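Visitor: I am new to this structure and would like a close look at a single part of it, with enough of the surroundings to place that part. Please take me through it slowly.

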Amino acid sequence: MKIFKSILIVWVLVAVGCNPTDPNDKKEDNINYNLPGWDLVFHDEFDGESLNLNYWFHETGGHGWGNNEEQDYTDRSDNSYLEDGKLIIEAKLENYQGSEFTSARINSKIGWKYNRIDVKAKLPRGVGTWPAIWMLPDVWNYGNGSWPDNGEIDIMEHVGYDPGNIHASIHTHAYNHKNGTQKTGSKFVADAMGAFHVYSVRWYTDRLDFYIDEEMIFQYDKVDDDWQKWPFDKEFHLLLNLAIGGGWGGAKGIDKTIFPVKFEIDYVRVFEPAG
Ligand SMILES: [Ca+2]
């Protein structure tokens, strides 16, 4: 009984002494967030025990997601979990709800605009994989009320049959992949599947700049106020997903020997211009 009381007291002290609201901040003291010209407004270092559902939610289902993708996205811990300070999105070969593969697609609950987003990630390897770090609008008020009229910002896309070629793109009513007119920049990153790199967008009122490890790989300029070319004047939220197959990712088939495969995200950090 005495031991029990001591443990209870220690537990109470620990509980009172810690701020329990954000377990993801426990390694914060070791990180240098100072970036000239930018103020940190949101970050998730993925250091907790499980994904912080105050920040993120899963989209689930296996309907192809507009790209004839072959995975079923689930919210199970089999397909997304935190490990060693990283968010792991793991695609598996398994029969599930009529699909042959499972994976995960995670959205931020928070939207931003005119900001900088840095995502440090290591990509999966293998033919048929299609990981993405990208953004969609919170409000769909232009044109058709849907895609592509309301815009898409692709910070990083990679397809496994073309290893190392990283793409950053925008889609709008005027420029999109349905008619082959999307605007894209690319860079070859030989070890994108073996090492972590920082994929970044810096979104200004008059342009979007895309970076890999501080090197700009693509710039898209606003030429006028026409929403058909520049719907990027409202808040967008972040998506992190690993598709399997699909119109682009599956163009050279799917190598079923690669599974399970992991898309690893070390952190997401969002900044606003300083001052
Ligand atoms: Ca981390």
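Visitor: To begin with, how many helices and strands does the protein have? After that, please stay with strand β9 and tell me what lies around it.

Guide: This is a predicted model, and in it the protein has one helix and 17 strands. The mean pLDDT is 91, with 88% of the residues reaching 70 or more, but over residues 1–26 the value stays under 50, and for that stretch the model has nine contacts beyond four places in sequence. Where pLDDT is low, the predicted coordinates should not be read in detail.

Of the 275 residues in the protein, 37% are buried. Among the contacts with a separation of 6 or more, 71% are made by residues 24 or more positions apart.

Strand β9, the part you asked about, covers residues 129–137 and is mostly covered, since eight of its nine residues are buried. It belongs to an open sheet of seven strands, whose order is β2-β7-β16-β9-β10-β11-β12 and whose pairing is antiparallel. The edges of this sheet are formed by β2 (56–59) and β12, each of which pairs on one side only, and from one strand to the next the twist averages 20 degrees. Strands of a sheet pair through backbone hydrogen bonds, either parallel or antiparallel.

Strand β9 has β16 and β10 beside it in that order. With β16, which spans residues 236–244, the pairing is antiparallel and extends over nine bridges; within that pairing, I133 stands opposite L240. With β10, which spans residues 152–157, β9 is joined by four bridges, and here too the strands run antiparallel; A132 has E157 of β10 as its bridge partner.

I133 deserves a longer look, for besides standing opposite L240 it belongs to the largest nonpolar core, a group of 54 residues in which V119, I133, I153 and I155 have the most contacts. The largest share of this core, seven residues, comes from strand β17, residues 261–273. Leaving aside residues up to four places away in sequence, I133 touches V119, A121, I155, M156, Y199 and L240. In soluble globular proteins, nonpolar side chains tend to be buried together.

For contrast with this covered strand, consider A190, which is found in the loop between β12 (183–188) and β13 (197–203). A190 counts as exposed because it has 9 other C-beta atoms within 10 Å, where 12 or fewer is the limit for that class. In sequence A190 is 24 residues from I166, and the C-alpha to C-alpha distance between them is 9.7 Å.

A last pairing can be seen in the hairpin of β14 and β15, where residues 207–212 and residues 215–221 pair in the antiparallel sense over six bridges. There D209 stands opposite Q219, and with two residues between the strands, D213 takes a positive phi near 50 degrees.

Note on methods
Residues numbered from 1 in each chain as written. Predicted model: local features only at pLDDT ≥ 70, side-chain atom pairs only at ≥ 80, totals over all residues. Buried ≥ 20, exposed ≤ 12 C-beta atoms within 10 Å, placed from the backbone. Contact = placed C-beta atoms within 7 Å. Pairing = 2+ DSSP bridges. Core = buried A, V, L, I, M, F, W, Y, C linked by C-beta atoms within 7 Å. pLDDT = per-residue confidence, 0-100. Axes fitted to C-alpha atoms, helices over the stretch in contact; angles between N-to-C directions.
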